[in-house]
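Student: I'd like to learn how to read a fold from its coordinates. Can we work through one together?

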Amino acid sequence: MQIRKITPSDAAAFIEFFTLLLKQTDFLLPSAKEAAISVEKQTEIISTLDDFKQIFIACDSVKNRIVGFVGVTRFNMEKNKHIANFAIGVLKDSQKHGLAEKLLAEAEKWLKAKNVRRLELTVIKENIPAIRFYEKHGFKNEGLRRQSIFMNGKFYDEFYMAKDLGC
Ligand SMILES: CC(C)(COP(=O)(O)OP(=O)(O)OC[C@H]1O[C@@H](n2cnc3c(N)ncnc32)[C@H](O)[C@@H]1OP(=O)(O)O)[C@@H](O)C(=O)NCCC(=O)NCCS
């Protein structure tokens, strides 16, 4: 298993991965429709990734496919450039093997090198596996965003969680 930065040549494989991931979970923000983009568009998005927005992927070299990702976004104003947030996901058949842990570690390494102090996220209250994962990795619950997600005809609350990276 290889954890690395995504490159434009990963565009088609990333679309395949992300489409499957969104079929497996409702807990990520984009809908399947919103994520259905062309290889050209995905290539363009990857080409614009920089020091403020980055995607790391987990590649299964045996099965020759992407099985996990973490997408990191740094804030860019003078007053909040010490903050970043992220989204993470691993395909069902690759979960519980420490892949999200490896992806998060790679993202944190990248962020620390850029002096990011605060890493934050929001997570739907019902997403117990993710909440347990974040707690295990030092994230603390900072409060509730009431009815911040609307899906499948229902409103859901999210927790705000954050971690001090010690920079
Ligand atoms: C959350 C997620 C990224 C974890 O990925 P993973 O590769 O399975 O995680 P790891 O193997 O690195 O870590 C395992 C830890 O995560 C937590 N965890 C993972 N699955 C769990 C489950 N079904 N129930 C409870 N805790 C779980 C536990 O803390 C576990 O540690 P433990 O084995 O010591 O109990 C994965 O479940 C996922 O992709 N979910 C769908 C997308 C999603 O919800 N993303 C987050 C949106 S905020």
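Student: Let's start with Ser94: how many C-beta neighbours does Ser94 have inside 10 Å, and what does Ser94 count as?

Tutor: The rule is a neighbour count: a residue is buried if 20 or more other C-beta atoms lie within 10 Å of its own, exposed if 12 or fewer, and partly exposed in between, with C-beta atoms placed from the backbone. Ser94 has 18 such neighbours inside 10 Å, so Ser94 counts as partly exposed. Before we go on, a word on the source: this is a predicted model, where local features need pLDDT of at least 70 and side-chain atom pairs count only at pLDDT 80 or more, while totals for chains, interfaces and linings use all residues. Residues are numbered from 1 along each chain as its sequence is written.

Student: Where is Ser94 in the fold, and which residues does Ser94 touch?

Tutor: Helices (H or I, at least four residues) and strands (E, at least two) are DSSP runs, numbered from the N terminus. On that numbering, Ser94 sits in the loop between strand 4 and helix 4. A contact means that two C-beta atoms, placed from the backbone, lie within 7 Å. Leaving out residues up to four places away in sequence, Ser94 touches Val67, Gly68 and Leu99. Val67 is 27 residues from Ser94 along the chain, yet their C-alpha atoms are separated by 6.7 Å.

Student: How do I read the sheet: what is the strand order?

Tutor: The general idea is that strands of a sheet pair through backbone hydrogen bonds, either parallel or antiparallel. Here two strands pair if DSSP finds at least two bridges between them. This one is an open sheet of seven strands in the order 1-2-3-4-5-7-6, with mixed pairing. Strand 1 and strand 6 stand at the edges with a single partner strand each, so one side of each has no neighbour in the sheet. On average, neighbouring strands are turned by 25° against each other, direction ignored; for such angles, axes are lines fitted to C-alpha atoms, for helices over the stretch in contact, and angles run from 0 to 180 degrees between N-to-C directions.

Student: Which residues stand opposite each other in strands 1 to 4?

Tutor: Walk across the sheet. Strand 1 and strand 2 run antiparallel, joined by four bridges, and Arg4 has Ile57 in strand 2 as its bridge partner. Ile57 in turn stands opposite Phe69 in strand 3, where strands 2 and 3 pair in the antiparallel sense over eight bridges. Strand 3 is joined to strand 4 by seven bridges, again antiparallel, and Val72 stands opposite Phe86 in strand 4. Strand 3 is mostly covered, with seven of its 10 residues buried.

Student: What lies across these strands?

Tutor: Helix 1 (residues 11-24) lies across strand 2, strand 3 and strand 4, at about 90° to strand 3. Helix 5 lies across strand 5 and strand 7, running at about 160° to strand 5.

Student: And helix 4: which of its residues are buried?

Tutor: An α-helix has 3.6 residues a turn, so residues three or four places apart point the same way. In helix 4 the buried ones are Leu99, Ala100, Leu103, Leu104, Ala107, Glu108 and Leu111. What covers them includes strand 1 (2-5), strand 2 (53-60), strand 3 (65-74), strand 4, strand 5 and helix 5.

Student: Which residues other than glycine have a positive phi?

Tutor: Gln147 has a phi near 50°, and Gln147 lies in strand 6 (residues 140-151). Asn152, in the loop between strand 6 and strand 7 (154-164), also has a positive phi, about 50°. Another is Asn64, near 55°, in the hairpin of strands 2 and 3 with four residues between the strands. Asn64 counts as exposed because it has 8 C-beta neighbours inside 10 Å.

Student: Last one: which residues come nearest the ligand?

Tutor: Near means that a residue's C-beta atom, placed from the backbone, lies within 6 Å of the molecule. Of the 22 residues around the ligand, Gln95, Ala100, Pro129, Arg132 and Phe133 come nearest. The elements that give two or more residues to the shell are strand 4 (83-90), helix 4 (99-112), strand 5 (118-124) and helix 5 (128-136). Helix 5 gives the most, with six residues.
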